[in-house]
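I open this notebook to record what I looked up in the structure shown here. The entries concern a pair of helices and the meeting of two domains.

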Amino acid sequence: MEKNFDTMVADFKDYIKRIKQYNDALGIIFWDLRTGAPKKGASDRAEVIGMLSTEMFRLATSDEMAKYIDYFTMSEQNEKLDNIMKVLVNESKREYDKFKKIPEAKYKEYVILTSEAETIWEEAKNTNNFALFSPYLERIVNFNIEFIDIWGYKDNKYNTLLDYYEPGMTVDKLDKIFGELRAKIVPLVASIKASEFQPDDSIFTKDFDVKKQEEFSIYILEKMGYDFEAGRLDESEHPFTIGITPGDVRITTHYYPNLFSSALFSSIHEGGHALYEQNISNNLNGTTLCTGTSMGIHESQSRFWENLVGRSYSFWKCYYQELLSIFPEQFEGIAVEEFYKAINKVEASLIRVEADELTYNLHVMIRYEIEKALINQQIKVADLPEIWNKKMEEYLGVVPPNDAKGVLQDVHWSGGSFGYFPSYTLGNIYSAQFCNAIRKEMPDFDEMIGRGEMLKIKEWLSEKIHKYGKLLTPAEILMDVTGEEINPEYLVEYLESKYKAIYNLK
Ligand SMILES: [Zn+2]
């Protein structure tokens, strides 16, 4: 007997929930692997990841899924669906079409490879040994090229990967946006370098007790509205956020006993990601829409908190006293103005995650260009260290002394995340656009931060962005909140006015 419409809807939701639950389990395993799981268990764990991913893959590409998609895309049924169901069906269809084309065994092989590669990458980085990681990376690149050939592409192979993280983004658009940004940032960085005034950031390289650093990170995260009953803060090699469900969103940071600024700003950054995941509407819980809509929008949230809030003068006017009470000796005699300038020091450097918000975008452009060339088979993995160092010199005027501080610094490629890096700069661009929109509604935005009213800002972001999860596309959110498409001008305006003031430039 044919099932009726309501039963089909309920069954489909149960089915989706199972997929989401496999994903939840995988998330916890990944979190565990990066936060202190024993090294010798890594290869066994990789098999568990392979098994769970395969099950998830089977559910997403099964004949049963095909039946649901066929049923709900028929106009007669489709008209009766509510908005969440419509988007859920579309999203499921997108995943189905994407993965159905890849043979199951191949997908499993890829998942196991990337899981192992992450452990190898960590070892290669720690021992400064690119040759150890190189064969893994080569296989990962080849897999990606093979997948793109299976999925198909328009104009440029890299477009398929870009679209995966930022639906609608293309090489053409990105070349234009990045080009505009580069044209403004490079001269600004040059005039900053030539400025007579240079902030003194050596104040951050004293001894900073790691426990106290953690204490201050927790203090700030609570002020931002990060819910510790729905999350936790741990340490890992590379800071990250993992949203299991809105009730379990975990963040990590990395403490350096002789570098105060790193862990704090990583905590604020990951806290921004976490606020997004913690505040997705309950209606979406248990569905695959219960996550950020794109990597670019996700990064806009982390960068908004890290830079536009956390590196603002108003923020430190409010919280500097608390910091002084935790580290009285380290910051003795240093005025808040001086501290503010020090956390905003601009200097070409080697490590992306330590870069200031201006030169950061140049680090991203280097990775974007390398990825584009790798995926289009214009360069070889074996030549990466040399290519990397050349580009660093060309863009930033610095050359890494070794590969650990060069081509091996980021985790992303070991996990096969090609097409992800541009999200960071897209996030910077979006964050400035969102901030401009907030300022229209809350003209005393700076004063509010100065009074420590960050919860109001969190609520605004949750109401306008977070709660929708994946229900709206990045372009829809941007249009709804700002009334505009992506526009790098707001970021340029923000950077120019902030840094001209700090460096006494005209
Ligand atoms: Zn981030």
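Before reading a helix crossing, I note that axes are lines fitted to C-alpha atoms, for helices over the stretch in contact, and that angles run from 0 to 180 degrees between N-to-C directions. I also note that the model is predicted.

Entry on the helix pair. I looked up helix H11, residues 260-278, and helix H12, residues 295-309, and found that their axes come within 7 Å and cross at roughly 135°. H11 is therefore oblique to H12. I recorded the crossing of H11 and H12 as right-handed. I then asked which residues make the contact. From H11 I listed Phe-265, Ile-268, His-269, Glu-270, Gly-271, Gly-272, His-273, Leu-275 and Tyr-276. From H12 I listed His-298, Gln-301, Ser-302, Phe-304, Trp-305 and Glu-306. Sorted by class, the contact of H11 with H12 holds 6 nonpolar, 7 polar and 2 charged residues.

Entry on the domains. I found that the domain assignment of the protein chain gives domain 1 (5-151) and domain 2 (171-502). Over C-alpha atoms, the centres of domain 1 and domain 2 are 27 Å apart. I noted that 32 residues from domain 1 and 34 residues from domain 2 enter the contact.

Which elements give two or more residues to the side of domain 1 that touches domain 2? I found helix H1 (5-34), helix H5 (83-100), helix H6 (104-126) and helix H7 (130-151). H1 supplies the largest share of that side, 10 residues. By class, I recorded 17 nonpolar, 6 polar and 9 charged residues on the side of domain 1 that touches domain 2.

How values were computed. Residues are numbered from 1 along each chain as its sequence is written. This is a predicted model: local features need pLDDT of at least 70, side-chain atom pairs count only at pLDDT 80 or more; totals for chains, interfaces and linings use all residues. Domain bounds come from an automatic or database domain assignment. Two residues are in contact if their C-beta atoms, placed from the backbone, lie within 7 Å. Helices (H or I, at least four residues) and strands (E, at least two) are DSSP runs, numbered from the N terminus. Ala, Val, Leu, Ile, Met, Phe, Trp, Tyr, Cys and Pro count as nonpolar, Asp, Glu, Lys and Arg as charged, and the others, Gly among them, as polar. Angles under 35 degrees count as roughly parallel, over 145 as roughly antiparallel, 65 to 115 as roughly perpendicular and the rest as oblique. A crossing is left-handed if the near helix is turned anticlockwise from the far one by less than a right angle, and right-handed if clockwise.
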